[in-house]
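Here's a walk through one protein model, from its confidence to a few residues worth a closer look. Have the viewer open as you read.

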Amino acid sequence: MGVVSHYAIPSCFIPSLSCAASTLIRSRRLRPSFRCCTTLSSTSPQTPTPSPTSIKKRVASGVQPTGSIHLGNYFGAIKNWVALQNEYDTLYFIVDLHAITLPHDAQQLSRDTKSTAAIYLACGIDPSKASVFVQSHVRAHVELMWLLSSTTPIGWLNKMIQFKEKSRKAGDDEVGVALLTYPVLMASDILLYQTDFVPVGEDQKQHLELTRDLAARVNNLYGGRKWKKLGGRGGSIFKVPEPLIPPTGARIMSLTDGTSKMSKSAPSDQSRINILDPKDLIVNKIKRCKTDSFPCLEFDNPERPECNNLLSIYELASGKTKEEVVKECENMNWGTFKPLLTDALIDHLHPIQVRYEELMSDSGYLDKVLEDGARKAADIADATVHNVYQAMGFSRRQ
């Protein structure tokens, strides 16, 4: 997101997609008056700040409870969420429904879901400021997905790169329908809460396009006067969400390949620093991480992706500015810099790990946080689903 940002959104939600709705202008099935206006602008505001006197804008995002939460998830998503909860009406959820698009271990899913919730809180998410919950605990996610599926052209989903790649590798008989339709669930996750902004990395701005296209399509097909004639308020059924681009840290790269994102799905655990990695493992991973043979250290040299990545991680872990890191490290060699980076990571992650263990030992508290978060989320979600049912012409539920 994101997410499902991915969620991040979870970060694996939706690959690059051109404005899918624009292709429908040429379709005979839609009225000529329908125009796509959901293309994401390259000049979207990075971090719009709400006015203190205005109603808070809403932000929603989530992470899958699969694999281990790593530095990419933390610096690219969760750490930014902590800042956002002070400025926005925030909903952060564990997107467990997305975790079953591929074969999974049922017992592990349950354990990972609670562990991910504990990591959210240990990293600084405050349940008094943000609604923290499990996606499957709010049934409206699946309800809205089905309603949106009825208006989603199959051609839009067939363009999804992840589905093409995984179905090609595993074969059609080994890939479930959920891998094809999960982008609709991702759209449901976002539209359900009338979300204003979705935190995404700079490289993920287009991941929102399907969601935005679906919002515009449903608003066009069922909103406005058509909805009002059915007893609704009229106007737009869904808000069309905008991307919220964090100023830094949105793209942490692999320790074994500075041109690839740090990923849960990478086969080698050496490629990532996990939030819960013990001290000795962090020492070993940094000692063995890929570097280069250039003299000195520098940011932003396209020929030195690993150098840029490791300096960026140090900048984030130490809390120093880029200028301070340059001044401190530019004349260092790798033998001097790696222990410095290791110590910064251990010092940064240690209080998170301590708090995580405290939360996992207090299951009652964690369950209560998730229960309260799901109840608050359901109040918003149920209102949205009610409006969609009404606008689509379903009989009123008593």
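When two residues are said to touch or be in contact here, they have heavy atoms within 4.5 Å of each other. Keep in mind that this is a predicted model.

## How far to trust it

Let's begin with confidence. The mean pLDDT of the protein is 85, and 79% of the residues reach 70 or more. Strand β3 (residues 130–134) has the highest confidence, with a mean of 98, while helix α1 (residues 20–23) has the lowest, at a mean of 38.

The stretch to be careful with is residues 1–47, where the pLDDT is below 50. That stretch still has 156 contacts in the model beyond near neighbours in sequence.

## Two cores

Now for the inside. The largest nonpolar core has 59 residues, and the members that touch the most others are Leu71, Tyr120, Phe337 and Leu345. Helix α13 (residues 334–360) gives this core its largest share, 10 residues. Another core lies apart from it, with 35 residues that include Ala60, Met145, Leu185 and Val218.

Leu71 is a good place to zoom in. Setting aside neighbours within four places in sequence, Leu71 is in contact with Gly76, Ile252, Met262, Ile273, Ile275, Ile313, Leu345 and Leu349.

## Helix α11, mostly under cover

Ile313, one of those Leu71 contacts, is also one of the buried residues of α11. This helix has 14 residues and runs 20 Å from its first C-alpha to its last, close to the 20 Å expected at 1.5 Å a residue. Because 11 of the 14 residues are buried, α11 is largely enclosed by the rest of the structure.

The buried set is Glu306, Cys307, Asn309, Leu310, Leu311, Ser312, Ile313, Tyr314, Glu315, Leu316 and Ala317. Among the elements covering these residues are α2 (71–84), α12 (322–329) and α13. Just after α11, Gly319 takes a positive phi of about 80 degrees.

## Salt bridges

The whole structure holds 15 salt bridges. In one of them, the side chains of Asp367 and Lys114 meet at 2.8 Å, N to O. Asp367 sits in helix α14 (residues 363–391) and Lys114 in helix α3 (residues 106–122), so this pair ties together parts that are 253 residues apart in sequence. Asp367 counts as partly exposed because its relative accessibility is 36%, and Lys114 is partly exposed too, at 25%.

Arg304 has a pair of acidic partners to look at. With Asp292, its closest N and O atoms are 2.9 Å apart. Both Arg304 and Asp292 are in the loop between α10 (279–288) and α11 (305–318), 12 residues apart, and both are buried. Arg304 also meets Glu298 in a salt bridge of 3.3 Å, N to O. How exposed or buried are the ends of that second bridge? Glu298 counts as partly exposed, at 32% relative accessibility, whereas Arg304 counts as buried because its value is 1%. Elsewhere on the list, salt bridges that share partners join Asp269, Arg272, Asp277 and Lys285 into one network.

## A close look at Ala99

Where does Ala99 sit? Its place is in the loop between β2 (89–94) and α3. With 8% relative accessibility, against a cut-off of 20%, Ala99 counts as buried.

Residues up to four places away in sequence aside, Ala99 touches Gln64, Pro65, Thr66, His104 and Leu109. For Pro65, 34 residues from Ala99 along the chain, the C-alpha atoms of the two are separated by 6.8 Å.

## Thr384 and its neighbours

The last stop is helix α14 again, which contains Thr384. This residue counts as buried, at 3% relative accessibility.

Which residues does Thr384 touch, not counting those up to four places away in sequence? They are Leu191, Leu192, Gln194 and Phe238. With Gln194 there is also a polar contact, a 3.4 Å one that joins the two side chains.

Notes: Residues numbered from 1 in each chain as written. Heavy atoms only, no water. Core = buried A, V, L, I, M, F, W, Y, C linked by side-chain atoms within 4.5 Å. Buried < 20%, exposed > 50% of the residue type's maximum accessible area, 1.4 Å probe, protein only. Helix = DSSP H or I, 4+ residues; strand = E, 2+ residues; numbered from the N terminus. Salt bridge = Lys/Arg side-chain N within 4 Å of Asp/Glu carboxyl O. pLDDT = per-residue confidence, 0-100. Expected span 1.5 Å × (residues − 1). Polar contact = N/O pair within 3.5 Å; in protein donor to acceptor, adjacent residues only side chain to side chain.
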